[in-house]
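Visitor: Can you walk me through the chain contacts here? Short answers are fine.

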Amino acid sequence: MASVAVTHEGRASFRRRLPLVPLAAWAALLVLAPNVLMLVYSLWRTREGVLYRVFTFDNYIAAVTNDVTLAILGRTVAIAVGAALLATAVAYPMAWFVVRRLSKHRLLAVLLVVVPLWISYLVRVYAWKIILGDNGIINSTLIELGLRDEPLSFMLYSKFAVFLTLTYVSIPFAFVASYAALERVPASLLEASADAGASPARAFRTVVWPLSRQGAAIGFALALLLCIGDYLTPAMVGGLEGTMFGSLIVNQFGLTNNWPLGAAMSIVLLLLTGALLALVARFTRTEGTLD
Amino acid sequence: MEEASLSPSRPGTPGREGDTPLEPPTVVRFDDVSKVYNGATTKAVDGVSLDIRAGEFFSILGPSGSGKTSCLRMIAGFEQPSSGRILLDGVDVQGIPPYRRDVNTVFQNYALFPHMSIEANVSYPLRMHRVAKHEIDERVSETLALVEMEELRKRFPHQLSGGQRQRAALARALVGRPKVLLLDEPLGALDLQLRQQMQLALKQLQRDVGITFVYVTHDQGEALSMSDRMAVMSTGHIEQVGTPREVYFHPNTPFVAGFIGKANLGRGTVVLESGATVGHWGGISFPMAADTPLGPCAFSLRHESVSLSDGAGDIAVRGTVEEVVFLGDSSEVMVAVDGVTLVAKAPAHIGFALSNGQAITVSFKASEVVRIDG
Amino acid sequence: MTSPEVSVAPAGVISMESALRVIRSLFAWAGFIAVYLFLYTPLVTIGIFAFNDSTVQALPWSGFTLQWFGAIGQNGLLFSALTFGLSVSLLVVAVASVVGTYFAVVVNSATGAAPRVLLAAVIIPAIVPGMVLGLSLAITFRLVGIPAGLWSIVIGHLAFTVPVVTLVVLTRLRRLDPSLTQASMDLGANGWRTFWHVTFPQLRTAILAAALLTLTLSFDEVVITFFLAGTQQTLPLFIWSQTRFGFTPEINAIVTIIGAVSIVLIVIATRVIEREVDPFAGTGRKRRSRRGR
């Protein structure tokens with residue numbers, strides 16, 4: 001009896017696992033293999049466009065000891081963290097406003113924040129080029145109105161332009177994550193804390209924020225992911241001053257045609273991103289969940 | 001609670017033990033069944049053995065966590081026993097999936113498919129069994145008529161009231177004429193009045209269709225009023241199986257005595273005194289049947305068996321009123337008698353007339369004191 | 001207690017407080033509206049320049065024209081990029097919807113650690129920076145010998161869209177009432193028929209939403225496509241190459257069209273989904289039920 005049951009179990013568990021095979025194959029072919037091959041590639045070298053399959057750490061040394069590369073890496077982290085922070089700082093209060101102040105048009109308000117995500121990323125970035133350029137809307141308006149004689153040159157092809165555009169594209173992500181968390185904070189908890197004598201500000205600090213900061217952190221993390229690996233924004237509005245690490249990787253594929261160095265840089269970028277996200281996760285653990 | 005509703009005595013149905021040699025066959029048998037859920041340390045169901053007979057309305061009564069729903073889910077096939085066997089119609093159903101068992105379930109939340117009309121919901125089991133189209137139509141109409149839902153057949157579940165959904169779920173579970181119908185607290189989501197109506201309707205329906213009903217509930221009133229037989233469960237095992245009358249008036253265990261209705265419970269002893277069997281409960285003594293086991297035991301006496309007048313029973317004792325609790329239609333009077341506090345159920349106006357500390361005589365019938373092991 | 005001084009003071013405090021509250025509320029509304037202005041200024045700008053009668057994309061406004069919309073049809077390169085991009089995206093949507101749904105169902109029904117680990121692995125390409133995914137796939141395709149072109153792009157897009165579909169469908173699956181599945185099994189439907197008759201109908205809107213999301217993600221993608229494309233460009237790749245050398249306003253025109261179409265699609269999708277969620281929106285259900293019989 002017992003042994004029959006065991007073989008039944010065994011066969012059943014094998015049949016239960018069978019549907020997982022395509023999933024495993026997908027993970028192996030499209031995730032594991034490319035990453036392993038990229039790692040292997042990063043340990044090879046090219047010279048004058050010819051690939052040499054010899055193991056070396058030269059690419060990593062080149063990626064992290066070069067002054068220019070290091071400066072760009074630092075700038076990338078600074079801009080990405082800054083833009084993600086600003087986007088979260090704008091989106092979180094906005095989400096709270098929508099949750100508390102709007103009822104009938106709440107869904108519309110949320111939808112309106114999300115709609116820009118459905119418009120081509122490329123186009124949204126390009127729009128900023130039109131807005132910020134020397135002949136752009138801001139500068140031509142300023143000159144037209146006689147407020148300035150010549151265009152403000154810091155606006156396009158600068159770190160400022162990259163920072164502004166990345167903040168712009170990050171806001172919807174930070175908003176959606178914050179909103180999802182804030183919407184789940186029951187109004188009854190606020191009433192309970194008001195009932196217990198807490199001022200609105202105090203209620204926010206002691207009840208709303210602890211229960212929703214994980215959402216804010218998720219929004220921040222999403223924005224950070226988006227910014228740190230972006231290529232289009234720095235390439236479109238950054239100029240030389242606004243170059244980011246992602247642009248360097250793309251250049252290794254295109255102009256310079258040094259894939260092994262690009263692969264090494266990719267791995268550096270992955271590790272850096274992972275470390276930043278781990279930091280975010282570490283600082284936003286919450287006790288208790290709503291569900 | 002009226003006496004009449006407690007005694008099921010319709011012809012051809014097994015009411016009590018050893019009725020006739022024509023006792024209907026067993027349709028569901030639990031053979032020492034236990035269930036331990038993954039990650040749990042205690043058994044949800046612990047060594048249950050049980051026979052449910054063809055055509056009876058069988059209730060499993062117990063508080064939440066007593067294992068009653070687990071028993072039902074094992075019959076349906078949603079859970080597998082960890083040990084022991086379940087037999088449906090004499091066949092071990094170990095490993096047989098729910099869709100190949102001739103039992104249907106009425107779910108607690110009804111589980112009507114939200115994307116299908118009532119008609120489509122009710123025809124679902126027939127379509128799954130590839131019944132011919134014209135027969136489907138016929139049987140769906142017939143079953144919807146049975147639960148008085150014909151005119152709502154085109155509606156969707158969200159357009160129905162709770163009671164209507166309940167009837168639709170019932171129709172869907174009955175349309176395939178299963179051997180056994182499993183009902184998992186089907187009235188739990190309804191309000192009191194509707195629940196009472198549905199109790200009567202369900203009982204009537206079961207009589208009409210003649211299908212075995214296994215009814216899980218935590219409501220003793222439902223179980224007592226509807227069942228032919230019932231099992232009382234607690235912490236995974238069965239405390240008692242019997243007719244509602246047996247379970248109510250002759251509880252086998254202190255748990256049953258305490259869970260069903262309200263009873264005075266206390267420790268005492270049974271002794272042989274000059275040839276007669278006598279029970280001692282505190283300072284109260286009363287005769288017991290001659291075959292009563294001797295020694296220490298527990299006694300149970302229902303509140304309504306204690307009368308506040310001295311002529312109502314053969315045993316009368318003097319005591320003082322400790323407290324009167326007003327319950328609306330009646331009152332509970334706690335009377336201290338010789339080291340025992342007896343609670344009597346009395347009409348409200350009698351309770352009002354009493355004051356604490358007042359001397360009073362209470363009486364009861366010795367035959368209504370039940371000796372319980374433990 | 002009833003002296004006038006005492007009764008005046010609270011009144012004064014209250015009016016001060018309410019004035020403060022009004023001011024604070026005004027600031028909140030102003031900030032709220034300012035964010036929307038910030039979000040929509042770029043989109044409106046593009047829209048405006050699609051109708052501006054000038055090749056220079058700067059103010060002042062030089063008059064209304066539709067010539068840039070007419071020019072789309074005459075620009076052969078742009079048109080072929082558009083059709084190529086669309087065929088890539090439609091292939092991606094078709095495959096990703098099926099595969100992603102399959103993965104979600106498998107992960108949802110399997111037990112143990114394996115499905116969770118595999119799911120985490122499959123999600124990776126959706127979160128790594130585009131150029132990292134693009135480069136790793138380009139390396140793989142070069143080593144394996146898959147030529148750059150339609151199929152390399154499709155595979156690259158599938159790598160990051162399948163996990164999106166999987167997550168969207170999985171979220172819905174986890175919210176489904178398990179007793180419905182059990183009821184179906186109880187009533188005689190086996191696993192496959194239960195999926196088809198009970199589970200799938202409840203997933204349809206989630207799959208539709210995921211498919212739409214996949215369409216925009218794929219149709220918009222630039223960086224990964226850049227690594228995997230052969231000589232034929234997709235639309236965003238073409239636009240990208242144009243922006244490097246000065247941008248013609250017909251690109252404003254085509255992105256305006258695409259933007260408008262996207263918004264119409266979302267509005268339709270949202271209404272379909274709302275109808276599914278809102279149990280009292282009657283007509284759609286009746287129509288479906290008739291089909292069901």
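Guide: Chain C and chain A bury about 6,500 Å² between them, with 81% of that on carbon and sulfur atoms. Buried area here is the accessible area (1.4 Å probe) that two parts lose on being put together, summed over both. This is a predicted model: local features need pLDDT of at least 70, side-chain atom pairs count only at pLDDT 80 or more, and totals for chains, interfaces and linings use all residues. Residues are numbered from 1 along each chain as its sequence is written, chains are lettered from A and ligands numbered from 1 in the order in which they are written, and side-chain values use heavy atoms, with hydrogens and water left out.

Visitor: How many residues does the contact take from chain C and chain A?

Guide: 72 from chain C and 68 from chain A. Contact means heavy atoms within 4.5 Å.

Visitor: And how many salt bridges across the interface of chain C and chain A?

Guide: The rule finds 0 there. A salt bridge needs a side-chain nitrogen of Lys or Arg within 4 Å of a carboxyl oxygen of Asp or Glu.

Visitor: OK, what do chain C and chain B bury between them?

Guide: About 2,400 Å², 59% of it on carbon and sulfur atoms. There, 24 residues of chain C touch 28 residues of chain B. The salt bridge count for chain C and chain B is 0.

Visitor: How far apart are the closest C-alpha atoms of chain A and chain B?

Guide: 9 Å, and no contact joins chain A and chain B. So 2 pairs of chains touch, and chains A and C have the most contacts.

Visitor: Back to B and C. At what angle do helix α3 of chain B and helix α8 of chain C pack?

Guide: About 155 degrees, with axes 13 Å apart, for α3 (residues 118-128) and α8 (residues 191-220). Axes are lines fitted to C-alpha atoms over the stretch in contact, and angles run from 0 to 180 degrees between N-to-C directions. Helices are DSSP runs (H or I, at least four residues) and strands likewise (E, at least two), numbered from the N terminus. The two helices are therefore roughly antiparallel, a label for angles over 145 degrees.

Visitor: Which residues make that contact?

Guide: Tyr124(B), Arg127(B) and Met128(B) on α3(B), against Arg193(C), Thr194(C), His197(C) and Val198(C) on α8(C).

Visitor: New topic. How many salt bridges over all chains?

Guide: 19 in the whole structure. One pairs the side chains of Arg29(B) and Asp51(B), at 2.8 Å, N to O. Arg29(B) lies in strand β1 (residues 26-35) and Asp51(B) in strand β2 (residues 45-53) of chain B, so the pair ties together parts 22 residues apart in sequence.

Notes. Angles under 35 degrees count as roughly parallel, over 145 as roughly antiparallel, 65 to 115 as roughly perpendicular and the rest as oblique.
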